[in-house]
Amino acid sequence: PQSVFNALPYFAFKGHFQPNPPMPTAVLLKDGTPVLVSRTGYTGELGFELFVEARHTVGVWDTLLAAGEPLGLIPCGLAARDSLRTGAVLPLSHQDIGPWPFINHPWPFALPYNEDRSAFSKNFLGADALRAHPLADHTLPFVGRDLRKVDSDGKTRVLDGRGQSIGTVLSCATDMGIGYHEGRIFSVASPDRPPGFKPKGLACGFVKVKKSLSPGDEIVVCDQRRQLPVSIVTDIRPDRTARRPLKDML
């Protein structure tokens, strides 16, 4: 484990799962199964994705469940992943990133801008299309007051302070690991969380709107069931563990 986890930052991987891997460094499980270990877990927290040949899937799954049983490990499904990735401000392809010019968004590292963001530092597929749409819609994260959420079916509207429709909701989920305390959001991983802090969960997600909004701006998201006041933010779940060095976590 020490050699595998050494110099393995967030979104990096080691090993391979092919019988004849294109890279010489092998990562093997205890039973000799070749595995690709990747820190691309889509939750924002410390975790891994494991890639193996299809014939090894059941064996690795059973091994993981047996190893984690004393720690309370249980399987979870796609809905759990969706709530965690939303709270971690990680967009979902074909939902938060779609067939619209993806320029005004909360992930500045996603496009190769120059220092003053006046142009791109290199050419890439789609660069011309992005340059031609400087007034594209804005994709922005939001957080609600409690765990109630709205549909994200493409019909859910976003209203500004005057009640005017300015866009749609792309994603809306409830992150159960966060909550408010005296007007500030804490997570279960916050080192300075209040004593006895037990989050009740907050709705969060992404909107696509026709105008620029700033952090702290209040909007309303509404579907056929309810209208919820939410706030534009730059981040949602604080103190996420995924970006911490592994030596600080293990």
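This briefing walks through the barrel, a surface patch and the salt bridges of the structure above. The model is predicted, so please read everything here in that light. At its heart for our purposes is a barrel closed by six strands, and the salt bridges come to 16.

**The barrel and its helix**

- The six strands follow the order 4-9-6-5-10-11, with antiparallel pairing.
- On average, neighbouring strands of this sheet are turned by 40° against each other, direction ignored.
- Strand 5 (residues 157-159) and strand 6 (residues 165-175) run antiparallel and are joined by three bridges.
- If you want to find this pairing on screen, look at R157, whose bridge partner in strand 6 is T168.
- Helix 3 (residues 78-87) packs on the sheet, where it touches strand 6 and strand 9 (202-209). The direction of helix 3 makes about 120° with that of strand 6.

**A nonpolar patch on the surface**

- F48, L50, L64 and L73 make up a nonpolar surface patch, and together they have about 320 Å² of accessible area.
- One of these residues, L64, sits in helix 2 (residues 57-68).
- L64 counts as partly exposed because its relative accessibility is 40%, between the 20% and 50% cut-offs.

**Salt bridges that link distant parts of the chain**

- D151 pairs with R225, and their closest N and O atoms are 3.5 Å apart. D151 lies in the loop between strand 4 (138-144) and strand 5, while R225 lies in the loop between strand 10 (218-222) and strand 11 (227-232), 74 residues apart.
- In this pair, D151 is partly exposed at 34% relative accessibility, whereas R225 is exposed at 53%.
- K211 and D160 also meet through their side chains in a salt bridge, at 3.5 Å from N to O. K211 belongs to the loop between strand 9 and strand 10, and D160 to the loop between strand 5 and strand 6, 51 residues apart.
- D160 counts as buried because its relative accessible area is 8%, under the 20% cut-off. K211, with 35%, is partly exposed.

**A salt-bridge network**

- R81, D82, R85 and D96 are linked in a network of salt bridges.
- Within it, R81 and D82 form a salt bridge whose closest N and O atoms are 3.9 Å apart.
- Both partners are partly exposed: D82 has a relative accessible area of 22%, and R81 has a relative accessibility of 25%.

Note on methods:
Residues are numbered from 1 along each chain as its sequence is written. This is a predicted model: local features need pLDDT of at least 70, side-chain atom pairs count only at pLDDT 80 or more; totals for chains, interfaces and linings use all residues. Side-chain values use heavy atoms; hydrogens and water are left out. Two strands pair if DSSP finds at least two bridges between them. Helices (H or I, at least four residues) and strands (E, at least two) are DSSP runs, numbered from the N terminus. Axes are lines fitted to C-alpha atoms, for helices over the stretch in contact, and angles run from 0 to 180 degrees between N-to-C directions. Contact means heavy atoms within 4.5 Å. Patches are made of residues with over 30% relative accessible area and no salt bridge: like charges are joined within 9 Å, nonpolar side chains (Val, Leu, Ile, Met, Phe, Trp, Tyr) within 5 Å. Accessible areas come from the Shrake-Rupley method with a 1.4 Å probe; for residues, only the protein chains shown count as cover. A salt bridge is a side-chain nitrogen of Lys or Arg within 4 Å of a carboxyl oxygen of Asp or Glu. Buried means under 20% relative accessible area, exposed over 50%, partly exposed in between (1.4 Å probe, protein chains only).
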